[in-house]
Amino acid sequence: MAPKTQTQTQPTAAQLEDVKKAIRGLLHQPNYDDGSAGPVLVRLAWHASGTYDAASDTGGSQGAGMRWEAEGGDPANAGLQHARAFLEPVKQAFPWLTYADLWTLAAVVAIREMGGPEVPWMGGRSDFEVETDKRVPPRGRLPDGAQGAEHLRSVFSRMGFDDQEIVALSGAHNLGRCHADRSGFEGKWVNNPTRFSNQYFRLLLANEKEWRRKTLKNGVVQFVYSEEEEGQEEGEKIEELMMLPTDMSLLSDPEFRPWVERYAKDKDLFFEHFAKVFAKLLELGIKRDASGAVVNQENKKEGYKSAPKKSDTATAVKEDDKNQRRKEGAKL
């Protein structure tokens, strides 16, 4: 396939088919977490987009500023170097594609491949060229999992989300797991963390009286639950499921809880709402005309600008970054 020309404002559907195929091909990662890169790719897109501030119209999915320490070094982004490294071979194969488009598209592909809904997606995001670009968002805009309902509202309303959308987005916790050396929390939310479903909501409700508070060795507080499984051998240890304080706040808050109950009962409704709100998340900071072309001022002036490929190797989190993260508080 011929490379994308610089005069285009975004990739064509035909060009993207090969990109999607390449993304599907890298999802199986037997030596990473639960054998899949899918969950961490979803987290990458969410954190790259969730820096948006509607009042100042800054942050969002444009730019891929996480390539640099200024944004990538935010304690909330610990561990996402693995997601970025997983995608580097795709960038190498399709150098015309921007990182900003690649990161968001990868999440959409991963969600679908893990059994989730088809999330609407459009391309056209450009990459920042230098770390000193004033559009690189400041640290501290992402949610803190150790907080409660009002914190969630404060963070998500800044991006333009309402209560229903907050709960729907929280359903992404059907995927992946936490790591003590990254977020400070430890464990998975659901039994199968590589399969998209509404189990997160069902477990929240079904075990409401069984979730118990647990303080980890690092001082971080989370909620855990475990049960014996059929065929379990005597003395065999079952991995605990976990919930963050922010997860538990979805039950205690009177405005959030009804949506938890609805999504627990109706997977189709959850999938419908999640697809819509996740698509909205990936569009934060992006302006389009009636044809779908990106019309942000910098895009109109500079065109579809793709940054050069970076390293294929994940850079380890520095020890002092870990210590600082623990001081600042555990992040989602």
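1. A good place to start is R67, a buried arginine that has no salt bridge. The nearest side chain of opposite charge belongs to D127, and it is 4.9 Å away. That pair falls outside the definition because a salt bridge needs a side-chain nitrogen of Lys or Arg within 4 Å of a carboxyl oxygen of Asp or Glu. Please keep in mind that this is a predicted model.

2. What does the side chain of R67 have beside it, then? A polar atom of this side chain lies 2.8 Å from the backbone oxygen of A64. The backbone oxygen of G63 is also there, 3.1 Å from a polar atom of the R67 side chain. To find R67 on screen, look in the loop between α2 and α3.

3. Stepping back to the whole protein, you will find 13 helices and five strands. Of the 332 residues, 57% are buried. The protein exposes about 15,200 Å², and carbon and sulfur atoms supply 48% of that area. If we take contacts between residues at least 6 apart in sequence, 73% of them join residues at least 24 apart.

4. Two aspartates deserve a friendly flag for their backbone angles. Most residues other than glycine have a negative phi. D33, although not a glycine, has a positive phi of about 45°. D33 sits in the loop that runs between α1 (13-26) and α2 (38-49). With a relative accessible area of 37%, D33 is partly exposed.

5. The second of these aspartates is D57, which is not a glycine either and has a positive phi of about 55°. You can find D57 in the loop between α2 and α3 (69-72). Its relative accessible area is 36%, so D57 counts as partly exposed.

6. Next, have a look at V90 in helix α4, which covers residues 80-93. Is V90 buried or exposed? V90 is buried, because its relative accessibility is 4% and the cut-off for buried is under 20%. Setting aside neighbours within four places in sequence, V90 is in contact with V19, A22, I23, L26 and L102. One of these partners, L102, is twelve residues from V90 in sequence, and the two C-alpha atoms are 8.3 Å apart in space.

7. The strands offer a neat feature to trace by eye. β3 (residues 212-215) and β4 (residues 221-225) pair in the antiparallel sense, over four bridges. Which residue of β4 stands opposite R212? It is V224. β3 and β4 form a hairpin with five residues between them. In the turn, G219 has a positive phi of about 90°.

8. Helix α9 (residues 245-252) is a helpful one to finish on, as it is mostly covered. Seven of the eight residues in α9 are buried. These are P245, T246, D247, M248, S249, L250 and L251. What do the buried residues of α9 pack against? Their helical partners include α6 (149-159), α7 (163-170), α8 (199-206) and α10 (257-265). The buried residues of α9 also pack against two strands, β4 and β5 (241-243). Strand β4 brings us back to the hairpin, where β4 pairs with β3.

How values were computed. Residues are numbered from 1 along each chain as its sequence is written. This is a predicted model: local features need pLDDT of at least 70, side-chain atom pairs count only at pLDDT 80 or more; totals for chains, interfaces and linings use all residues. Side-chain values use heavy atoms; hydrogens and water are left out. Buried means under 20% relative accessible area, exposed over 50%, partly exposed in between (1.4 Å probe, protein chains only). Contact means heavy atoms within 4.5 Å. Accessible areas come from the Shrake-Rupley method with a 1.4 Å probe; for residues, only the protein chains shown count as cover. Two strands pair if DSSP finds at least two bridges between them. Lys and Arg count as positive and Asp and Glu as negative; His and the chain ends are not counted. A polar contact is a pair of N or O atoms within 3.5 Å; within protein, one must be able to donate a hydrogen and the other to accept it, and residues adjacent in sequence count only if both atoms are side-chain atoms.
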